Amino acid sequence: MITVRDLHPWPSTEAEAEAVQRRLRPLVRVEEPAEIRTAAGLDVAYREDSDELVAAVTVLDVATLSVVDSAVVRDRARFPYVPGLFAFREAPPLLTALQRLAVTPDVLVCDGQGVAHPRRFGLACHLGLLTDLPSIGVGKTPMTRFDPPGEHRGDWTPLEVDGEEVGRALRTRTGVKPVFVSVGHRCTLQAACDLVLRLTPKYRLPETTRTADHLGRQST
DNA sequence: GCGACAG
DNA sequence: ATCTTGTCGC
């Protein structure tokens, strides 16, 4: 069962939110994860306005890529969309959904960045830390600089901030735009990229995020 | 200083 | 995120 730690009060202003990120950032741990048999995909879909959102989580058996558990939570956004402060908008319903899972996944595959973030604390770090589960971020758009990787599946180049490697631009399909992988919590960058490649036998995005995305749309 | 900025 | 036609490829 997944429990959510109460590490901070929920901020109501951007300044407070940034302060929370700076305070939690030192708590992120990079370590080799235990064997990964199941992986959760997390995604949020939006309804008509931009006030109601639907958080969807699916848990996949990594060997077969079949869905073994899932949860959907509908909620109202309590924080505006601000680049860099994504977690304060999407994490609340995602955490509620995670708590409703019957199967505890070995890793959370988040739709967005981990430490490849301006303050090194993206959505994946936030979710990993509050649940104390290994987590990684797989974004469709980069927030940090990088050089284009080779054209073949598996090719990658570093995502860097101040010359430091904070993630990788990873080509999951030959000839297709890369995805942007970074550590969220309790994982290594290499393990994160290995997992992403295992989750992308057919498409650019991981099966985990694809199944979560589909589930969220249906519930819209 | 100004603009751009995960979903 | 979401709004959308046709088009290319497996």
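Leaving aside neighbours within four places in sequence, with which residues is Thr-209 in contact? In this predicted model, the residues concerned are Gly-41 and Val-109. Thr-209 is placed in helix H5, which spans residues 207–218. Its relative accessible area is 7%, and Thr-209 is therefore buried, the limit for that class being under 20%.

A second residue, Leu-65, belongs to the loop between strand E2 (52–61) and strand E3 (66–76). Leu-65 has a relative accessibility of 22% and so counts as partly exposed, a class that lies between the buried limit of 20% and the exposed limit of 50%. When neighbours within four places in sequence are set aside, the contacts of Leu-65 are Leu-60, Arg-198, Leu-199, Pro-201 and Glu-207. Between the C-alpha atoms of Leu-65 and Val-183 there is a separation of 22 Å, and the two residues are 118 places apart along the chain.

Helix H4 covers residues 189–198, and its buried residues are Leu-189, Ala-191, Ala-192, Cys-193, Leu-195 and Val-196. These buried residues pack against four strands, namely E4 (107–111), E5 (135–139), E7 and E8 (179–185). Strand E7 comprises residues 164–170 and gives three residues to the lining of the second largest pocket, the most of any contributor.

The pockets were examined next. A volume of about 380 Å³ was computed for the largest pocket. Its lining consists of 19 residues, of which Tyr-81, Phe-86, Asp-111, Gly-112 and Gln-113 are the closest to the pocket centre. Sorted by class, this lining holds seven nonpolar, eight polar and four charged residues.

For the second largest pocket, the computed space is about 160 Å³. The residues that line this pocket are Arg-25, Val-30, Val-115, Arg-120, Glu-164, Glu-165, Val-166, Val-183 and Leu-189. Five of the lining residues are nonpolar and four are charged, while no polar residue is present. Leu-189, one of the lining residues of this pocket, is also among the buried residues of helix H4.

The protein surface around DNA strand B includes 16 residues, and those that come nearest to the strand are Tyr-81, Gly-84, Phe-86, Lys-140 and Thr-141. Of the atoms of DNA strand B that come within 4 Å of the protein, 47% belong to sugar and phosphate. The surface near this strand is made up of six nonpolar, seven polar and three charged residues. Tyr-81 and Phe-86, both listed here, also appear among the residues closest to the centre of the largest pocket.

Polar atom pairs link the protein to DNA strand B at both base and phosphate positions. A polar backbone atom of Gln-113 is 3.1 Å from a base nitrogen of the strand. At Lys-140, a polar backbone atom is 2.7 Å from a phosphate oxygen. Thr-141 takes part through its side chain, with a polar atom lying 2.9 Å from a phosphate oxygen of DNA strand B.

Around DNA strand C, the residues are Ala-45, Tyr-46, Lys-140 and Arg-217. By class, this surface divides into two nonpolar and two charged residues, with no polar ones. A polar side-chain atom of Lys-140 is found 3.0 Å from a phosphate oxygen of DNA strand C. Lys-140 thus has a polar backbone atom at a phosphate oxygen of DNA strand B and a polar side-chain atom at a phosphate oxygen of DNA strand C.

Note on methods
Residues numbered from 1 in each chain as written. Chains lettered and ligands numbered in written order. Predicted model: local features only at pLDDT ≥ 70, side-chain atom pairs only at ≥ 80, totals over all residues. Heavy atoms only, no water. 1 Å grid on protein atoms, 1.4 Å probe; cavity = no way out; pocket = protein on both sides within 12 Å on 5 of 7 lines; lining within 4 Å. Points joined across faces, edges and corners; volume = space filled by probe spheres on them. Nonpolar A, V, L, I, M, F, W, Y, C, P; charged D, E, K, R; others polar. Helix = DSSP H or I, 4+ residues; strand = E, 2+ residues; numbered from the N terminus. Near = heavy atom within 4 Å. Polar contact = N/O pair within 3.5 Å; in protein donor to acceptor, adjacent residues only side chain to side chain. Buried < 20%, exposed > 50% of the residue type's maximum accessible area, 1.4 Å probe, protein only. Contact = heavy atoms within 4.5 Å.
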